[in-house]
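Here are my notes from a pass through this one, in no strict order of priority. Have the viewer open while you read.

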Amino acid sequence: MTREATRTRSPCAVAPVGEPFGEALAAGLRALVSPYGVMSEVLPGAPVRGLGRLSLASARIGGAPGVERPDEFRGAGRSLHGPDQAALTAIAEGAERYAGADFPGEREVWATAAELDGRVLDMSALPRCSPREYDSGRCPVTPYDPRQPIRWTEGLDLATMEPIRVPAVMARHGMRRLSDAERFWNRISTGYAVHSDPVEAIVRGIAEVCERDAAAITWLQMPTLRRITFDAPTDALGTLLEYSDRHFMETYFFDATTDMGVPTVYSLQTSEYDEACRQIVGCATGRDLAEAAAKALLESIPARALFHRDDPGSFGLIMAGAELMGKAEQRQSFDFLLGGHGGTERYSPADGPTLPSDPTAALEQLLRMLGGRGMQVVAVDRTTQELRLAGLTAVCLVIPALQPLTFHQYGQYRAHPRLYDAPAHLGFPVRREEELNPWPQPFL
């Protein structure tokens, strides 16, 4: 037996990351802002001293039903292309978070997987915590119980292009009133994206899931990643590196591209003169490693200012790991990156991994790589009426076989096969659970 919940709105869309924005995407994003709109206002951010080219902005979400923590439903924007582009980035991120809200009228079914008709997500591939994590008394998630009914929503299997049922909690990070059986998943905005091109939205959603997979595996398994340098950095990367040099920050880039083939850079910046933030990490994907490196710095450089706020206790769970690992006494925790055993290589665009600029070609490449590893990739449409009228598409990508990134020290999904398979595929030694990095996740 199932309980069908009557819902009327259609699902969501994926957020853009490229700069500057195209005309169609920019027009759609601006249409979302009004006192009673999806975004109620967009505000400029405090400038980063000494980096005049960098503009910051924040967008406040105005109308997401069921938002219990409105301060967490904001979009942050940063751009080297002027205040307007920063504002558009903030709106896009805000729209992405809006798409994950818990809207009245969601179409969903209460059932066990066995009770559903049609195709169902392969629940055997779900990430799971280890017995040590579950038994700690502090684990934020519980084991999935196939005997208990949960809510399901519909997605699209991108390999077969067939409808498939997905646990609603995996495709709606703002979902409220969770049953005990639905607490197997750590709700976070990974895999959401918004764009005027539905295919590009899916590409960006997949890339973000791959980015978080790489960041989690890098920190937990501590592989000796190859360091990369850029002899001829792009304009954006050059600007950020020049600023960092002038402010006595050492910048290290590492090729964190996994067997998924998505160009990924893990960055570490150290500053001997910053008592609040001696080290800060970033991780980003891009069409190539140069773009990924610039994006990683574009996230971490403005974030450094957060360490100097008067109320550091207000940062909450997401900031806690970065705040702890930024302290001077934690420098040795980054020795696995700075030891130099992975070697250093000058980056050449001709030799590094790339993702095609054409969205269709990029999606085909991504699905080929994921499919080659037997990984199920599901897109859940999260496009609300407001986003659709603005010409935008929102999606959430669900790829259970990849390693989730979480900020819970006692809920890192340390029993997920991916955590141990990925280093082996990449030729790195594989650490057992008791050998994994014991320190909190510093990724912001």
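1. Let's start with a helix pair. In this predicted model, the axes of helix H5 (residues 235-246) and helix H6 (residues 289-303) come within 9 Å and cross at roughly 45°. H5 and H6 are therefore oblique to each other, and the crossing is left-handed. On the H5 side the contacts come from Ala-236, Leu-237, Leu-240, Leu-241, Tyr-243 and Ser-244. Their partners in H6 are Ala-290, Ala-293, Ala-294, Leu-297, Leu-298 and Ile-301.

2. There is another helix pair to look at. Helix H1 (residues 23-30) packs on helix H2 (residues 83-99) at an angle of about 65°, and their axes are 10 Å apart. That angle makes H1 roughly perpendicular to H2. H1 and H2 also make a left-handed crossing. If you want to zoom in, Ala-26, Leu-29 and Arg-30 are the H1 residues in contact, and they meet Asp-84, Leu-88, Ile-91 and Ala-92 in H2.

3. Now the interior. The largest nonpolar core has 28 residues, and the ones with the most contacts inside it are Val-166, Met-170, Phe-184 and Val-398. Which elements give two or more residues to this core? They are strands E5 (108-111), E6 (150-157), E7 (162-167), E14 (378-381) and E15 (393-398). A second core, separate from that one, has 25 residues, among them Phe-21, Ala-95, Tyr-98 and Ala-101.

4. Val-166 is worth selecting on its own. Leaving aside residues up to four places away in sequence, Val-166 touches Leu-121, Arg-151, Trp-152, Thr-153, Gly-155, Val-378, Val-380 and Val-398. Val-398, like Val-166, is one of the residues with the most contacts inside the largest core.

5. On cysteines: how many disulfides does a search of the whole structure find? The count is 0. You may wonder about Cys-139, where the closest cysteine sulfur is the one in Cys-129, at 3.9 Å. That is too far for a bond, because a disulfide needs the two sulfurs within 2.5 Å. Cys-139 is buried, with a relative accessible area of 17%. Cys-396 is buried as well, at 0%.

6. Backbone check. Most residues other than glycine have a negative phi, so positive values deserve a look. Arg-177, not a glycine, has a positive phi of about 50°. Arg-177 sits in the loop between E7 and strand E8 (192-195), and it is exposed, with a relative accessible area of 63%.

7. Met-222 goes on the list too: its phi is positive, about 55°, and it is not a glycine either. Met-222 lies in the loop between helix H4 (198-221) and strand E9 (227-229). Is Met-222 buried or exposed? Its relative accessible area is 14%, so Met-222 counts as buried.

8. Met-222 leads on to Phe-336, which belongs to helix H8 (residues 335-338) and is buried at 12% relative accessibility. Not counting residues up to four places away in sequence, Phe-336 touches Thr-218, Trp-219, Met-222, Pro-223, Thr-224 and Asn-437. For a distance to check in your viewer, Phe-336 and Ala-303 are 33 residues apart in sequence and 23 Å apart in space, C-alpha to C-alpha.

Definitions and conventions. Residues are numbered from 1 along each chain as its sequence is written. This is a predicted model: local features need pLDDT of at least 70, side-chain atom pairs count only at pLDDT 80 or more; totals for chains, interfaces and linings use all residues. Side-chain values use heavy atoms; hydrogens and water are left out. Buried means under 20% relative accessible area, exposed over 50%, partly exposed in between (1.4 Å probe, protein chains only). A nonpolar core is a set of buried Ala, Val, Leu, Ile, Met, Phe, Trp, Tyr and Cys residues joined through side-chain atoms within 4.5 Å. Helices (H or I, at least four residues) and strands (E, at least two) are DSSP runs, numbered from the N terminus. Contact means heavy atoms within 4.5 Å. Axes are lines fitted to C-alpha atoms, for helices over the stretch in contact, and angles run from 0 to 180 degrees between N-to-C directions. Angles under 35 degrees count as roughly parallel, over 145 as roughly antiparallel, 65 to 115 as roughly perpendicular and the rest as oblique. A crossing is left-handed if the near helix is turned anticlockwise from the far one by less than a right angle, and right-handed if clockwise.
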